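This is a walk through one structure for a reader who has not met it before. It begins with a term, then goes from a pair of residues to the whole chain and its surface.

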Amino acid sequence: MNSKLVSILSIVFLVLFISGCKRHKKQWQFERKITLPEESRPLALAKDRDVIWFSDPDYFRLYKIDLNGKVLDSITGIQRPMNIHFEKGALYIPEFLTDSIWKYKNSRLSPMKINKTPQAPAGVSIYGDTILVVDFYNHRIIVETPNKSFTIGKQGHKDGKLYYPYRCKDEKRQGLRG
């Protein structure tokens with residue numbers, strides 16, 4: 001092949017290659033800074049429309065704030081609230097130090113009953129009628145459905161193993177939702 005043909009084929013290949021590449025939209029953009037209450041140490045966020053809940057495990061409390069940082073509600077006395085979840089008007093709270101899961105709805109806190117007992121629940125997620133509880137010290141995820149209860153995971157570092165898991169989220173719903 002002559003060098004001119006090689007140059008032309010290289011350029012054609014480069015143009016085809018570049019035109020075939022997808023350009024990804026920028027997913028995150030800085031919108032504004034929200035000032036949180038002084039002496040708060042947030043761990044996890046859960047968003048519902050124009051309000052944000054965050055857990056503060058160091059000070060044993062949860063805050064509900066608006067998008068300007070104004071405190072709208074708070075829950076105290078939860079012994080180390082961890083990775084929270086908001087779904088259909090309810091806030092779900094794993095209480096790490098008491099092996100409990102709480103549901104907060106309409107300003108009322110009530111215990112959730114699940115069939116298996118977690119040891120230090122570090123996270124909770126609700127998807128329809130399925131409940132996922134992160135069982136930190138047992139190195140597993142508890143899955144509760146209306147018909148059965150089972151666990152996923154065993155202690156370890158290899159594929160399919162868990163080592164002190166602390167949260168679980170559905171891949172399609174990981175971001176903060178409005």
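A residue is called buried when its relative accessible area is under 20%, exposed when that area is over 50%, and partly exposed in between. The model shown here is a predicted one.

Start with Ser 125, which belongs to strand β9, residues 121-127. Its relative accessible area is 0%, so Ser 125 counts as buried. The side chain of Ser 125 comes to 2.6 Å from the backbone oxygen of Cys 168. Cys 168 also appears among the residues that Ser 125 touches once those up to four places away in sequence are set aside; the others are His 85, Thr 130, Ile 131, Leu 132 and Lys 169.

His 85 leads to another part of the sequence. The two residues His 85 and Ser 125 are 40 residues apart along the chain, yet their C-alpha atoms are separated by 5.6 Å. His 85 is in strand β5, which covers residues 85-87. Is His 85 buried or exposed? Its relative accessibility is 5%, and therefore His 85 is classed as buried.

The surroundings of His 85 can be listed in the same way. With neighbours within four places in sequence left out, its contacts include Val 124, Ser 125, Ile 126 and Tyr 127. Ala 46, Ala 90, Leu 91, Tyr 92 and Lys 169 are in contact with His 85 as well. Lys 169 is thus found in the list for His 85 and in the list for Ser 125. Within strand β5, residues 85-87, the side chains of His 85 and Glu 87 are joined by a polar contact of 3.2 Å.

Now take the chain as a whole. The protein chain has one helix and 12 strands, and in sequence order the helix precedes the strands, in the pattern α-β-β-β-β-β-β-β-β-β-β-β-β. Among contacts with a separation of 6 or more, 35% are between residues 24 or more positions apart. The chain has 178 residues, of which 36% count as buried.

The surface comes last. About 12300 Å² of the protein chain is exposed, and carbon and sulfur atoms supply 51% of that area. Which residues form a nonpolar patch on the surface? They are Tyr 137, Tyr 163 and Tyr 164, with about 300 Å² of accessible area together. One of them, Tyr 163, is located in the segment after β12 (149-152). Tyr 163 counts as partly exposed because its relative accessibility is 43%.

Methods: Residues are numbered from 1 along each chain as its sequence is written. This is a predicted model: local features need pLDDT of at least 70, side-chain atom pairs count only at pLDDT 80 or more; totals for chains, interfaces and linings use all residues. Side-chain values use heavy atoms; hydrogens and water are left out. Patches are made of residues with over 30% relative accessible area and no salt bridge: like charges are joined within 9 Å, nonpolar side chains (Val, Leu, Ile, Met, Phe, Trp, Tyr) within 5 Å. Accessible areas come from the Shrake-Rupley method with a 1.4 Å probe; for residues, only the protein chains shown count as cover. A salt bridge is a side-chain nitrogen of Lys or Arg within 4 Å of a carboxyl oxygen of Asp or Glu. Helices (H or I, at least four residues) and strands (E, at least two) are DSSP runs, numbered from the N terminus. Buried means under 20% relative accessible area, exposed over 50%, partly exposed in between (1.4 Å probe, protein chains only). Contact means heavy atoms within 4.5 Å. A polar contact is a pair of N or O atoms within 3.5 Å; within protein, one must be able to donate a hydrogen and the other to accept it, and residues adjacent in sequence count only if both atoms are side-chain atoms.
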